[in-house]
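Visitor: Could you take me through one part of this assembly in close detail? I would like to see how the chains meet, and then whatever else helps to fill in the picture.

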Amino acid sequence: MHPHPHDPDDDPHVIHIDRGAGVNRRQVLAAMAASMALANTACSPPPRLQAHPYVDLPEAGGGNLPLYYASAFVRDGFAHGVLVGTQEGRPVKVEGNPSHPSSLGATDVHAQASVLQLWDPDRSSVVRQRLARAGDAREPPQVASSTWSAFEAAWRERADAQADPQGGATLRVLTGPLTSPTERALLAALLARGPRARWHVHAPLADVAAADGGWLAFGRVVSQVLHFDRARCVLALAADPFSDGPGAVRHAMDWSAARAALREGGADAHAASLFAAEATPGLFGARADHRVALSPSRIEGLLWRVAAHWMPEITPADVGLADPAVATFEARLVAALREAGPAALVIGGAGLSAEAHALVLALNQRLGAIGRTLTLIDPPEAAPGAGTLADLVDALGSGTVDTLVVLGANPAYDAPAAFDMPRALRRAKLLVHAGLHVDETALLADWHLPLSHAYEQWGDARAHDGSATLLQPAITPLYDTRSAAELLALLSGDPLRDGHALVQRQWRAGRAEGFDTFWRDSLRAGTIAGTASAPLEVRGARLPPRLALQAAAATTMLTALFVPDAAAHDGSFANNPWLQELPRPFTKLTWDNAALLGPATARRLGVATGDIVRLQVDRHSLEVPAWVLAQQAEDVVTLPLGCGRRHAGRVGDGVGFDANALRPSTALSAPATLQATGRRHAFAVTQQEMSQHGRELLRTVAAGAGLPRDKPHEQLYPPFPSPVHAWAMAIDLDACIGCNACTIACQAENNIPVVGKAEVARGRAMHWIRIDRHDLDDAGASGFQPVPCMHCEQAPCELVCPVGATVHDSEGLNVQVYNRCVGTRFCSNNCPYKVRRFNFLQYADATTETLKAQRNPEVTVRQRGVMEKCSYCVQRVARARQHAERTGQPLVDGDVVTACQAACPTRAIQFGDLNDAGSQVRQARASPRHYAMLAELDTKPRTTYLARIRPVDEA
Amino acid sequence: MSAVFSPRAVLVVRLAVLALLGLCVATVLLFVWRARAYERLGEPIAQPIPFSHKHHVGDDGIDCRYCHTTVETAAHAGLPSTAVCLGCHAQLFRDQPLLALLHQSAASGRPIAWQRVHVLPDFVYFNHAVHVAKGVACVECHGRVDQMPLAWRARPLQMQWCLDCHRNPAAHLRPASREFAMDAPLPPPAVASQLAREAHLESERRMTDCSTCHR
Amino acid sequence: MTDARWALMAEYETAEALVSAAQAAHDAGFRAIEAYAPYHVEGLAEAVGFQRSRLPAAVLASAIAGGLGGYFLQWFSAVRSYPVEVGARPLHSWPMFVPVAFEMTILAGAFAAFFGALLGNGLPRLAHPIFDAPDFDLATRNRFFLCLRTDDPRFDEARAGALLDATQPLRRAEVAR
Amino acid sequence: MAEVPVSRESGVLRPGWGYASVTDKIAGLVLTRPVRWPWLAAFLATLAGTVAYLGAIAYLFVEGVGLWGLRIPVAWGFAIANFVWWIGIGHAGTFISAVLLLLRQRWRTSINRFAEAMTLFAAGMAGLFPILHLGRPWFAYWLAPYPDRMNLWPQWRSPLVWDVFAISTYLIVSALFWYQGMLPDLATLRDRATSRGKRVAYGLLALGWRGEARHWARHETAYLLLAGLATPLVVSVHSVVAMDFAIGNTPGYHSTIFPPYFVAGALFSGFAMVLTLAIPLRKAFQLEDFITEVHLDHAAKVLLATGWLIAYGDLVEPFMAFFSGDRYEIAMTVDRWTGFYGPLYWTMLACNVLAPQVLWWRAARRNAWLLFALSIVVNIGMWLERVLIVVQSTSHDFMPSAWGRFVPTRWDWIFLAGSISMFAWLFLLFIRLLPAISISEMRQLVKEESA
């Protein structure tokens, strides 16, 4: 099933010069062209290239068509089902797995970027052993590369000590959130071997309060599976269900699907009305029909007031004072919730107290939502009996820990500052760390063991709804690495060592007969049927005590909110350049993080965007750059985690600030104070102007209404027909939530280079599809608009190219011919949509082998001095056409799916053939909401938009 | 004062001017020659194993597809893997010193490093499968491989040359049955146009679109 | 009959003197007359019997050819050789072809004017008998010269000499071949 | 010895000059080298600048145009502004020698030669920039039509291709015109020179010119014909350059007034540069008798007139923006006034429209040093004008979400300075090696202006 091991260099279709001359061909061509131009008359013959065939043709065949392997992308322990697309044996692109509950075919930015994580040149590739222990952090540790067998030998000795029944040496295992049945079974076996062995879980982003909320309400931990498709009214309190948690993509998908009727202009069939009370701007809030920005304490006040309508037992004393600022919002909300009844859904998020979370659960129950718009399940990551990080720190402090194994976690970086983790870790007598990178923790460890990437290993993990998901390798490990399961097997001295065997053993249990078919079907589907967690039966929720209204009586203290960075997440993606250069949805900030402040708060503190401020949380303080954001709640300062890595790699080191240094505990919020320092910080942003200046670029319509059809202009010339196919794209702005998945998908598919902070600051970001954010009103409502190339039928860019490097083809594509481009850049000047990107310098990395291996062989890697832009994934169009021509079957709608379209979690992007009367894009163009951007210029764009629908009561 | 230039001086000047003109012409010719040299037409190329198409195709009559397995299904015709060679040479001539490298490769698992004969710049996306499906025979671009002791490039593989065919494909088509025959003659025009119709080739405009070959 | 001398020469101080002398020589029937001046003297060429040059006609012809050629080049390459759709403009977008055609017109005309003049004047000609004539380096400063060539069929030593003397030149000399 | 004829007082030539004295004076500039040290100092300084410039170019070819402050949306920066500016300067020469010749303006005689030289060098500097500006300069030859093995041709609808033809034609024609006019003077140098080397060198260049009557006649015809061809050419060239912008749809580019506006601007900056060069030249080599107050006065008048043409353009641009009611044009115009580049705009107006108004006063027109200062101001103003058109327009076009500012880097300035010093270097070479004033035409002038 998985391809035969082979180094990409030995690929028959990867052409390169002899090892001797380590230059890439493009440089040679350029050099030759240059030398010709410079009339260099030296008659050196062109370089003779070599080709390396397979030794044995792999099962997969030598063809150049992509092969997809159903596997999973694992983040925070949860599986997101994906299809790993390999070209010539190399994973180059990830698509969503349509049959996976968390994906339904869509992906988010991290899943899209995960393929680059696999090829990350800074990945840990060898076992490292520390020879002598450094007295303190300042001494550089003496480290030698070692081998797995050496480690195993060393481990055996300790293991025997641990096995001693009379309280042998203590063993502690620290993992991130763990849902993999195989790994948990192996871990259990390991812990069973020694009486004084214990497991600790460290989830830097886990919301402790939410878990406690479950205890308060039902006396147990629960996790919620949300069903947006069944909801008629959704209230998100300090939560962003469209981007937080493993179910985010599914939520967006369900919500979008449920709006279909509304979008068709029909009656408001199942479209949910979304209410957001958020402390910091999120994708859900931006898309909500009604949104208010409030500090967590005021959000809780709101919650209690709203809950009181359904819970007579809540006394007026508990309700507290009304909040005039949100009166209208509140009224609308209550009405909407009433109307929705059991189809209502209330979601609580990070920053709320445990009591508030409990109240949210109780309210949902009272509304009848439980079992309908949300089901409660046993948390797949729940680790009963496992200790917390705090427990571990205590244990370490007491010096009773002989051996500590840190598996796939990086506490030395992402633990709260209060724990002073580096010091604590040094107290362990033997510290073993296993991870993808030689990170902050690895540098403290006595042994560092390189782990395999998800796409290199056999494994399993659970989806947000508990469905078991299988991981299968799309390529054999690039380095001598082990999967977590294989490592645990080694640690526990399991007779089986091969990941494939381990996972099979796990799932063979009770499936002796028919296992092979079961296995094949499960692999093909990517998930194991019928493994979704069963809904919990819960008794009536207990009403939590109302905390003293100290929060309501807000002091001058700010509330610091610790949130995952939209790109770097908890720091595990910090070394991923695609993500670092990805504009954060609201600030359009790249290669950085910033402390977000509300406008009034900023005014009060005399802080402007770019000012460096000193933040004080408890006894920790840090100087960070501030960003004033209209959408941000007042009295709240948002601190994105995951940046400021010290040992992430060549990309992630020292990007932004490390907010963990301010965390007093694992809680996600804390009181903070702030004052300006008077110094300034330079940000690199991709969009300066958020106002549309009255230009209707992003247009909105009332529900059921349509836009006036702009009448066609008089034409001077006869049109050029597209006789066979006429490709076009339609983007539904009512569906777009601005999640950026398309941007990264495009970057992965089309070999788009990253340029770095300095170049982004100079306006040279290369993304082919950029997401413009427009302020829709002064209240801070945001609209997102993906802008790829418009493929204008009357393209201004083509007219001005002196060498015909950008021209039209007979299918209506505005093609950019890189090898003809001389780089006058007139096309970009003449492009009204400014979608063209230029290689001002040599951006494409021509030297790093692993990065070259990630590239899509179907797309030219652009040289310095060449213009590029969205090509409608012409390589995918070509692949479909060539298949049709070879097999003789005509192309049908859906045969060509662009990378952005495939990734979109709300199916906002349609691509197809205008000559095909039944095509999706044709129907989209017929919609009354359809319009072309800057239509007055009469460029006749092939990429057009469907207007966003305004909330019903604003129409 | 006497004249600046004696008749002899004039002669010298004339010669100098002539030489200068000659130099210009020479430079132009040099560049033309260099461009041609790049193609290396008809130049046999030394290979680590002196593989003879003449022997395998011409004498033994082995079909192209026996080694170039993906030519009908993929963009690349596919170089035969070591295993394919061993398919015969595990028995035949196994002790030939010439084949030592082959057995080494099989043993070590390291591929044989062949010298490329047909190379396209990597901004050109040529698809064997489609061309074969449309009736472009191997011999059309690769020449009489069955007469090459060591393979060489038979056609320039320059854009101009590609366009010649893309503009008038009918003149280069053969019936599917004869595509892999080296000595198949081009069918008469009537048949050719019939073939073109059956292959329903796209319009000349489509076939000369930049996006047909470049991405 | 071949003469060792190339011409008889007379030197003058003013343009008027040269013009009248040349006129006189021409009236006297001499045809192989050459007059040298440091600048363009009105009427001198006519005086030595120079008819209007055909240069303007040549320039016009060349300019027209250049213009047509330039336009044809564009039409051929854009319509015939490799037709490509560009910004939905017609293959033969003649208004866009005008500027280049115009520039080609000018260029061809200019070449004709420059090289036509050289050709007509028989230049470049680095060596010439006159350069050896006494004082002739002043011909590019402030002196005017008249030459009666010996290869003139009407040339006759005595008449020529007499005629030149009659014009009271600054000096008279013989120019060796 | 007393010369006949001798010039009398006339505005364009002081009295007391004859054929010989004129000839010796001007030929002397080249043959007996006066003003050695100042010239040498200037020469070495500009040579250093030129070498630095070439170094910068080499570095640019290695690194790429990313060295400059270019970005999306402002993909054109100083390089294009410099190009337009230089080509504008390159217009005065041809205008003076061709148009004024056809108009039989005697005052052109003593300034046309070095004005033409200025034209050539300026056009050369201009011609360099579009190539430096390419992303892949080594493929610049793809803009030329030739039968290649890709069967590809230039895209004739692009104004950039028109540029290639216009600029190269302009360079060639100006060079021919210049050389044609210089033939007799080269002969003069050949005959005046004393050292063998110089006699040979100038002899070769003179092509054996000997001033025969028929030669003079054809020479005159050809010269007039070239003037007749150069006159429409000079208009066409900057019109084409203007179309690089006018053809574009960007607000601030897409404007029908550009061709005449640019041509006027060209003459404006060109005459400014003529003064910038003439005034020091005349002082250094005591040419006050040839380049008199009358010349300065006339040049100043042209400056004033073209200055008003520019003012008209500067007025019509915003007017049309508001008159058209095009929201994008209006927004761009308001930004030009009040935006990031606002200060530059007002400085530009001060330099181009306000400053030249002093020329209403005769005294000012005849005050050499004031004119010199003014000419510098105008040059700066015109450069700012080009920069504003190129940079500010694109920085503020259709998509607010894509707006961005161009900020020049160190390298943008290096290339501007480099081209200026290379221009100066070439000009210094010229006045040292070739007659800076047309000798034969001066003789004719002596004749015409003599009693």
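Guide: Happy to! In this predicted model, the contact between chain A and chain D draws on 60 residues of chain A and 55 residues of chain D. Together the two chains bury about 4,600 Å², with 56% of that area on carbon and sulfur atoms. The size of an interface is often given as the accessible area lost when the parts come together, so that area is a handy figure to keep in mind.

What holds a charge pair across this contact? The rule finds one salt bridge between chain A and chain D. Lys834(A) is the partner on one side and Asp397(D) on the other, and their closest N and O atoms lie 2.8 Å apart. Polar contacts add to the picture: 34 residue pairs, both members at pLDDT 80 or more, are found across the interface of chain A and chain D. On the chain A side, the elements that give two or more residues to the surface touching chain D are helix H1 (25-37), strand E30 (770-775), helix H24 (796-800), helix H25 (826-829) and strand E34 (837-838). Sorted by class, that side of chain A has 27 nonpolar, 18 polar and 15 charged residues.

Now let us turn to chain D and chain B. Here the contact takes 12 residues from chain D and 14 residues from chain B. The buried area is about 1,100 Å², and carbon and sulfur atoms give 54% of it. In chain D, the residues that lose the most area to chain B are Arg149(D), Asn151(D) and Arg199(D), which together make up 58% of what that side buries. The rule finds zero salt bridges across the interface of chain D and chain B, while three residue pairs, both at pLDDT 80 or more, are in polar contact there. Helix H5 (159-192) and helix H6 (196-206) of chain D each supply at least two residues of the side that touches chain B. The largest share of that side, five residues, comes from H6(D). By class, the side of chain D that touches chain B has four nonpolar, two polar and six charged residues.

Chain B also offers a residue worth zooming in on. Ser211(B) sits in helix H11 (residues 210-213) of chain B. With a relative accessibility of 2%, Ser211(B) counts as buried. Its side chain makes a polar contact with the side chain of Asp809(A), at 2.6 Å. Leaving out residues up to four places away in sequence, Ser211(B) touches Asp809(A), Val815(A), Val874(A) and Arg206(B).

Finally, a word on the cysteines. The structure holds zero disulfides over all chains, and two residues of chain B show how this plays out. For Cys165(B), the closest cysteine sulfur belongs to Cys141(B) and is 6.9 Å away, so the pair is too far apart for a bond. Cys165(B) is buried, at a relative accessible area of 17%. For Cys213(B), the closest cysteine sulfur is in Cys162(B) at 6.5 Å, which is also too far for a bond. Cys213(B) counts as partly exposed, with 24% relative accessibility. The cut-off behind both cases is that a disulfide needs the two sulfur atoms within 2.5 Å.

Notes
Residues are numbered from 1 along each chain as its sequence is written. Chains are lettered from A and ligands numbered from 1 in the order in which they are written. This is a predicted model: local features need pLDDT of at least 70, side-chain atom pairs count only at pLDDT 80 or more; totals for chains, interfaces and linings use all residues. Side-chain values use heavy atoms; hydrogens and water are left out. Contact means heavy atoms within 4.5 Å. Buried area is the accessible area (1.4 Å probe) that two parts lose on being put together, summed over both. A salt bridge is a side-chain nitrogen of Lys or Arg within 4 Å of a carboxyl oxygen of Asp or Glu. A polar contact is a pair of N or O atoms within 3.5 Å; within protein, one must be able to donate a hydrogen and the other to accept it, and residues adjacent in sequence count only if both atoms are side-chain atoms. Helices (H or I, at least four residues) and strands (E, at least two) are DSSP runs, numbered from the N terminus. Ala, Val, Leu, Ile, Met, Phe, Trp, Tyr, Cys and Pro count as nonpolar, Asp, Glu, Lys and Arg as charged, and the others, Gly among them, as polar. Buried means under 20% relative accessible area, exposed over 50%, partly exposed in between (1.4 Å probe, protein chains only).
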